[in-house]
Structure formats: C-alpha cells, structure tokens
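New to this one? Have a look at the sequence and the model first, and then we'll walk through a few spots together.

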Amino acid sequence: RLSFFNQFYPLRRAIPMKAIQNSEVKTLKKIEVEQPGEPGPGLALVKTHRMGVCGTDISCYLGKFPFFDFPRIPGHELGVEVLTTGPGVDHVTPGQRCSIEPYMNCGTCYACRRGATNCCQNLKVIGVMMDGGLCESFLVRADKLHPSEKLSYDQLALVETLAIGCHAIDRGGRARGDHALIIGTGPIGLATLEFARLTDATISVMDMNPARLEFVQRNYGIDNTILFRGDGSEVERMRDLTDGDMFQVITDATGNRHSMSGALEYLAPTGRLVYVGITTEEVSFRHPVLHRPEASILASRNALPPDFRRIIGLIEDGTINTEPWITHRTSFEGVLEDFESYTKPETGVIKAIIEVA
C-alpha cells in the first residue's frame, strides 16, 4: 500500500497555480495554470513577491507595444525568492532575495557573440514575449537572477526599470560640460535621470505634466524644468537655460512619436539624441534638421547584466534612494480593479507595485 504521503503528494502537485493574464486589449483576468515543477539544469524555481508596473506593461495592456502578443502573463520587473535550484546552479541558493534580468538571450547569435545580449536576435523578454511573473511561482534561468542580502522585494522589483535608464545614459555618453535634456519624466525618464545625475553633465527635464516636474524638483532638486505646452514657449525656455546653445545630448523617454520626431530641433551642433521610449508609429523629420548639426541618433534597448549588479550596489550603499518612486500599491487580488488607473497620468502614478505574495 502507498503511504499516506505518497497517496496525496500527486494530488498536491496537481493543484493549479493562480496567475493573472493580459488576455486581450485592456483586459486582465485571473487564470489557473499548471505548477511549474522542479527546476532542471541551470534553472531555478522562484516565488514572486513583488512586481513593478512599468510603461511597457501599460503599453502591452493598451495594445500599443510592438513585441507583445495576447494572451500573456505580464511581469518583468520582479522581486523574487529562490525556492529551489537545479543541477549546476551555485551562485544563488534557496531563500535568497533576487532581482530578475528578464532578457532571455540565446547566447549564440551575432549580437550575443559581440556582448550585446540586450538586443539578441532571438530575444525573449519574460512578461512580454513569454509569460512573466504575475503568478505564484515560475521557472527561470538562474544566470538571470541577481541576489542581494540587503534589498527588500520592493527595491529588487525596481532594479530592471533603473537598468533601462542606466543603459540609456551609457548610450548617450554624457561628459563634463554637456547640458543634457531628458524628455518625459515617467518611470523610464526618472530612471535615466538617476544615472544622468551621477555624471558631470548639467541636467534639464521636460514634461507636459506639471505635477511630474514638481516631483523632479522636490525629490531631485532640479530646477531646470521645462513645461511643454506646444506653443513654442518651451523652446524659449531651452534657449534661456543653455545660453542659446541648446543640448549636447537628449534622451527621449516618452514613447510618443510627436515628441520623438520633434526632439532633433532641440539638439546643439554635433549633439546626440537617444530614443529609449518606443512607439509602433512612424517617427519622421526633415532631413536638414538631422544633417545641419551633424547629429547622431541612437536607440537604447533593454540593459546589460553589469547594469543590474551596479544598480543593486548603488541602492545598497544609498547612492540611489528608491523611496520616492513607489506612489501606488495594490495586492494580487486588487490588480483587476486597480490596473486601469495606472494608465492615467492624472492619478499621479510614478511607479505602482503589485504585492503578489
């Protein structure tokens, strides 16, 4: 006869797991999925504690993100706990708190061979191109886990957003004497700002939302703010701030095609424009606007593994203070009711955190 444990262990494993799925445009629903099972070689089973809601999640929900297909379990900004590890995993152990680097690269394509794992030709981003972490637990490549003994799950869920900004600053190459402009002060713009302030550049920020500019002034002490009204007053403000020279480097974090098309107008001669926001729509401009100043246009996609390790260290030593970031919070059970409000700037949301466990 089977022991009592053996009789009921298969039944326990068959109990489905709760998850939330982005089933179609503007539709989230609770679903049940199979338990993930035990991790194989190089994998880890993790429990999701926190998920950050970012601009990508909003764009996916609204059906505007180019690399997303319905249905999908979202969640790529994650603070997780390691439950168990598979053979060959030795850099993380059960019980550790980790941030996840959500970019599942192949390791063999041209981009990966050159170290550009962030733009792997076969890239799968969890929560975007494959199911993510808005569930009880899931299997993940252990090499994508970045542990910390000091950070909370809230803080670990913010690391990926910060990594986007870190990589964008590296792409723009700010230097002493540069005057940098960040367009858009949502989460990605703020992540960019965090790392811009660690350079020797002078920083200005522009947004069309006065409340967000006030947030920047209050929390970062930046007075060089520009309110975009679309009437030309913003250009006059820019000229005043730069003594008429305009900006050596601009990061557009809006994902708005009108902003992205117009940003070249604000560049100084030989300036650099970095697109970190993304749109499915056409971005266009008159060629002389690019050619006359001998401008450079750069894209910034995702982030690199060293970015995650650097950011964890910067939060641990207090260089980056994540406390002002989290403005909204909900539970796993409250996601369906609350998520729609995170798509509306008038709610004042900077970063919403979902308490999964």
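## A strand and its neighbours

Let's start with one pair: Met51, in strand β3, sits opposite Leu78 in strand β4. Keep in mind that what you're looking at is a predicted model.

That pair belongs to a longer run of contacts, since β3 and β4 (residues 77-85) are antiparallel and joined by eight bridges. Strand β3 has other partners too. It is linked to β8 (residues 137-141) by five bridges, again antiparallel, and there Val46 faces Phe138. With β17 (residues 351-355), β3 forms four antiparallel bridges, and here Gly52 is the residue across from Ile353.

Here are those pairings side by side:

| Partner of β3 | Partner residues | Bridges | Sense |
|---|---|---|---|
| β4 | residues 77-85 | eight bridges | antiparallel |
| β8 | residues 137-141 | five bridges | antiparallel |
| β17 | residues 351-355 | four bridges | antiparallel |

How much of β3 is buried? Nine of the 11 residues in this strand, which spans residues 43-53, are buried, so the rest of the structure largely encloses it.

## A helix with a buried face

Now on to helix α7, residues 233-242. Which of its residues are buried? They are Glu234, Met238, Leu241 and Thr242. If you look down the axis of α7, these buried residues fall within an arc of 85°, so they line one face of the helix.

What lies over them? The cover for the buried residues of α7 includes four strands: β10 (179-183), β11 (202-207), β12 (225-227) and β13 (247-252). Just past the end of α7 comes Asp243, and its phi is positive, at about 55°.

## What about the cysteines?

How many disulfides turn up when the whole structure is searched? The count is zero. Cys106, for one, is in no disulfide: the nearest cysteine sulfur belongs to Cys120 and is 3.6 Å away. A disulfide here would need the two sulfur atoms within 2.5 Å. Cys106 is partly exposed, with a relative accessible area of 32%.

Cys166 is in no disulfide either, and its nearest cysteine sulfur, on Cys119, is 16 Å away. Is Cys166 buried or exposed? Its relative accessibility is 1%, so Cys166 counts as buried; the cut-off for buried is under 20%.

Definitions and conventions: Residues numbered from 1 in each chain as written. Predicted model: local features only at pLDDT ≥ 70, side-chain atom pairs only at ≥ 80, totals over all residues. Heavy atoms only, no water. Buried < 20%, exposed > 50% of the residue type's maximum accessible area, 1.4 Å probe, protein only. Helix = DSSP H or I, 4+ residues; strand = E, 2+ residues; numbered from the N terminus. Pairing = 2+ DSSP bridges. Arc of directions from axis to C-beta. Contact = heavy atoms within 4.5 Å.
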